Amino acid sequence: MCPENVFFHFLVSETNLESLVRSTFPQLKFKVYYFDPEIVRSLISTSVRQALEQPLNYARNYLADLLEPCVKRVIYLDSDLVVVDDIAKLWTTNLGSRIIGAPEYCHANFTKYFTADFWSDKRFSGTFRGRKPCYFNTGVMVIDLVKWRWAGYTKRIERWMEIQKSHRIYELGSLPSYLLVFAGHVAPIEHRWNQHGLGGDNVRGSCRDLHPGPVSLLHWSGSGKPWLRLDSKQPCPLDALWAPYDLYGRPP
């Protein structure tokens with residue numbers, strides 16, 4: 001409701017985004033941060049979907065280092081979503097003693113996010129001892145960067161990525177390392193703030209409907225991206241909600 005109170009931090013691995021955003025939104029307050037893919041490339045493992053192996057998917061691990069120390073709190077948002085509510089409501093999330101807040105899905109089968117070898121090896125699965133871990137999607141998070149920096153959470157995530165390289169404990173890109181570090185220690189946020197899965201699963205990317213309940217944010221997580229489906233003239237019904245915001249697909 002008060003756009004003058006919002007500042008955007010864009011993480012990019014190519015440099016042409018800034019001119020596009022400035023020409024489209026001349027009043028927008030933002031800064032572009034270049035994320036060097038080489039920082040994380042050697043830590044990335046193969047994934048169930050090749051797109052999940054892109055270094056920029058891991059840039060959120062380094063927010064505390066990339067952003068200025070004066071930035072104490074952020075809302076992290078993936079680039080395949082549309083906010084349809086006042087983002088200030090999400091900003092007021094009470095994290096309490098937690099480092100991050102996100103919508104949790106405790107009904108989901110948590111065991112499927114890790115391999116059988118992970119669960120059978122107590123060196124790894126023991127990390128969840130004493131915790132009640134629930135799945136959460138990392139595309140929408142409220143993050144306390146002060147606590148993150150103080151406790152060195154980037155290094156903790158990197159350590160699990162190193163273990164993954166040598167022991168293959170999961171299959172799904174950058175998400176599982178966050179589950180390993182934070183699941184069971186997440187400040188809960190209403191599900192309305194991440195209506196995820198609109199891109200279908202990680203293989204077929206089939207069309208999906210909205211989950212029941214109110215919606216504050218639409219998230220096309222999954223392999224079916226709305227811009228690709230719109231370009232191919234094979235959109236899903238909900239992709240029409242993305243079309244007005246597609247910077248590259250807008251008419252001249």
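**Cavity, helix and core**

Trainee: How do you know how the lining of the largest cavity divides into nonpolar, polar and charged residues?
Mentor: This is a predicted model, and its lining splits into 6 nonpolar, 5 polar and 1 charged. The residues include Y58, M161, E171 and G173. Glu counts as charged and Gly as polar, while Tyr and Met go with the nonpolar set, so E171 is charged, G173 is polar, and Y58 and M161 are nonpolar.

Trainee: What makes this space a cavity and not a pocket?
Mentor: A 1.4 Å probe fits inside but can't get out, whereas a pocket is open. The count is 1 cavity of 30 Å³ or more, and the largest holds about 60 Å³, so that one clears the cut-off.

Trainee: Why is α8 called mostly covered?
Mentor: Buried means under 20% relative accessible area, and 8 of the 8 residues in α8 (175–182) meet that, so the label fits. Among them are L175, Y178 and F182. Their cover includes α4 (116–120), β8 (140–144) and α7 (153–167).

Trainee: What makes F182 part of the largest nonpolar core?
Mentor: Members must be buried, of a listed nonpolar type, and joined through side-chain atoms within 4.5 Å. F182 is a buried Phe, and it's among the residues with the most contacts inside this 48-residue core, along with I100 and W148. α8 gives the most to the core, with 6 residues.

Trainee: Why is the core with L81 and V142 called a second, separate one?
Mentor: A core is a set joined through side-chain atoms within 4.5 Å, so its 9 residues, including I189 and L217, form a set of their own.

Terms used. Residues are numbered from 1 along each chain as its sequence is written. This is a predicted model: local features need pLDDT of at least 70, side-chain atom pairs count only at pLDDT 80 or more; totals for chains, interfaces and linings use all residues. Side-chain values use heavy atoms; hydrogens and water are left out. On a 1 Å grid over the protein atoms alone, a cavity is a set of points where a 1.4 Å probe fits but cannot get out, and a pocket is an open set with protein on both sides within 12 Å along at least five of seven lines; lining residues have an atom within 4 Å of a point. Buried means under 20% relative accessible area, exposed over 50%, partly exposed in between (1.4 Å probe, protein chains only). Helices (H or I, at least four residues) and strands (E, at least two) are DSSP runs, numbered from the N terminus. Contact means heavy atoms within 4.5 Å.
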